[in-house]
Amino acid sequence: MTYKALTIAGSDSGGGAGIQADLKTFQMLEVYGMSALTAVTAQNTLGVHGIYDIPLDGIAKQIDAVFEDLGVDAAKTGMLSQPQVIELVAERVRAHGLKRLVVDPVMIAKGGASLLAESAQDALREKLLPLAAVVTPNIPEAEVITGKKIAMLDEMKEAAMYIVKQFGAAAAVVKGGHSEGAPTDVLYDGEQFHLLTAERYATRHTHGTGCTFSAAITAELAKGRTLLDAVHTAKRFITLAISEELGIGAGHGPTNHWAYWRAEQVKK
Ligand SMILES: Nc1ncnc2c1ncn2[C@@H]1O[C@H](COP(=O)(O)OP(=O)(O)O)[C@@H](O)[C@H]1O
Ligand SMILES: Cc1ncc(COP(=O)(O)O)c(N)n1
């Protein structure tokens, strides 16, 4: 059986985040990867040097071409850039009846560049979140979505629940990468909370961690795994990818997309 996943996101020329991180992650989890580009960024580990949006009809045609021929078991969104892109993606997701949608509400790159216009925040909340099987904000993104400050674990829990109850997402994971101490992520699945904890690695090479984490959830959902199983696998995938840093680039380098697969081979 060949499982298929689609990423609707921006290109990172540096290969650590965006479409490139997503496709590498799908591949390493043995899922066939497909892409619909929303924007092309000229980017490396030092920052974003240019953003070139793809015309709306080009985005729609990529999505439709993939659904109409190959089929999609699960999809994720990453950088959506503009409100019209969010509206279009929401409309195509509904038209194709896609159920397993992971929304990574990408807003700001690690270097500080804005990857989502402020005017797109309402469209994200109103149009896309209701279609999500799971939303994966980091702490600053969860603060923007909910309009509430998050300093402690209890507030991460409140934010995850608020995103589900207020905006109609089926589930939310508020990621703890930006907190202090252990990087604990909070999953609210509509009924219960689940905490996922790992060791914190002192490294500057965390470019694309959010993209990689949400892509791993998407790949596992494409295989028909439960959300809880998918999030657990994604946590292991990203923790290994961060712990075995590649050390390339002069700035925030990429994570190691081989690490999980190699660890699994050793187990066999
Ligand atoms: N230094 C780190 N050590 C271990 N895990 C981390 C570290 N930084 C982030 N993570 C984990 O990586 C994943 C992505 O989180 P985060 O960095 O918050 O997302 P984003 O890239 O969207 O800002 C989460 O599971 C988070 O807990
Ligand atoms: C095209 C693109 N998409 C997403 C991100 C966010 O990735 P991160 O916040 O992990 O640097 C990025 N830098 N570039």
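## Strand pairing, a helix crossing and two positive phi values

In β4, I8 has T77 as its bridge partner. This is a predicted model. The bridge belongs to a parallel pairing: β1 and strand β4, residues 74–77, are joined by four bridges.

**Strand β1 and its partners**

Strand β1 covers residues 4–12. Eight of its nine residues are buried, so the strand is mostly covered. β1 also pairs with strand β2, residues 32–44. That pairing is parallel too and runs over nine bridges. Within it, G10 of the model stands opposite A39 in β2.

How do β1 and β2 connect with helix α1, and in which hand? Helix α1 spans residues 18–28. Together, β1, α1 and β2 form a β-α-β unit, and the unit is right-handed.

**The α5 and α6 crossing**

Next come two helices further along the chain. Helix α5 holds residues 139–146, and helix α6 holds residues 153–167. Their axes come within 10 Å. They cross at roughly 50 degrees. Why are α5 and α6 called oblique to each other? Angles under 35 degrees would count as roughly parallel, and 65 to 115 as roughly perpendicular. The crossing at roughly 50 degrees fits neither range, so α5 and α6 are oblique. The crossing is left-handed. On the α5 side, the contact is made by A142, I145 and T146. On the α6 side, A159, Y162 and I163 take part.

**Positive phi outside glycine**

Two loop residues call for a check of the backbone. E30 has a positive phi, near 60 degrees, and is not a glycine. S81 is likewise not a glycine, and its phi is positive at about 65 degrees.

| Residue | Phi | Loop |
|---|---|---|
| E30 | near 60 degrees | between α1 and β2 |
| S81 | about 65 degrees | between β4 and α3 (83–95) |

Are these two residues buried or exposed? E30 has 12 other C-beta atoms within 10 Å. The cut-off for exposed is 12 or fewer, so E30 is exposed. S81 has 23 C-beta neighbours inside 10 Å. Buried starts at 20 or more, so S81 counts as buried.

The loops tie back to the strands described above. E30 sits in the loop that leads from α1 to β2, and α1 and β2 are both parts of the right-handed unit. S81 lies in the loop between β4 and α3, and β4 is the strand that pairs with β1 over four bridges.

Methods: Residues numbered from 1 in each chain as written. Chains lettered and ligands numbered in written order. Predicted model: local features only at pLDDT ≥ 70, side-chain atom pairs only at ≥ 80, totals over all residues. Pairing = 2+ DSSP bridges. Right-handed = clockwise from strand over helix to strand, strands pointing away. Axes fitted to C-alpha atoms, helices over the stretch in contact; angles between N-to-C directions. Parallel < 35°, antiparallel > 145°, perpendicular 65-115°, else oblique. Left-handed = near helix turned anticlockwise from the far one by under 90°. Contact = placed C-beta atoms within 7 Å.
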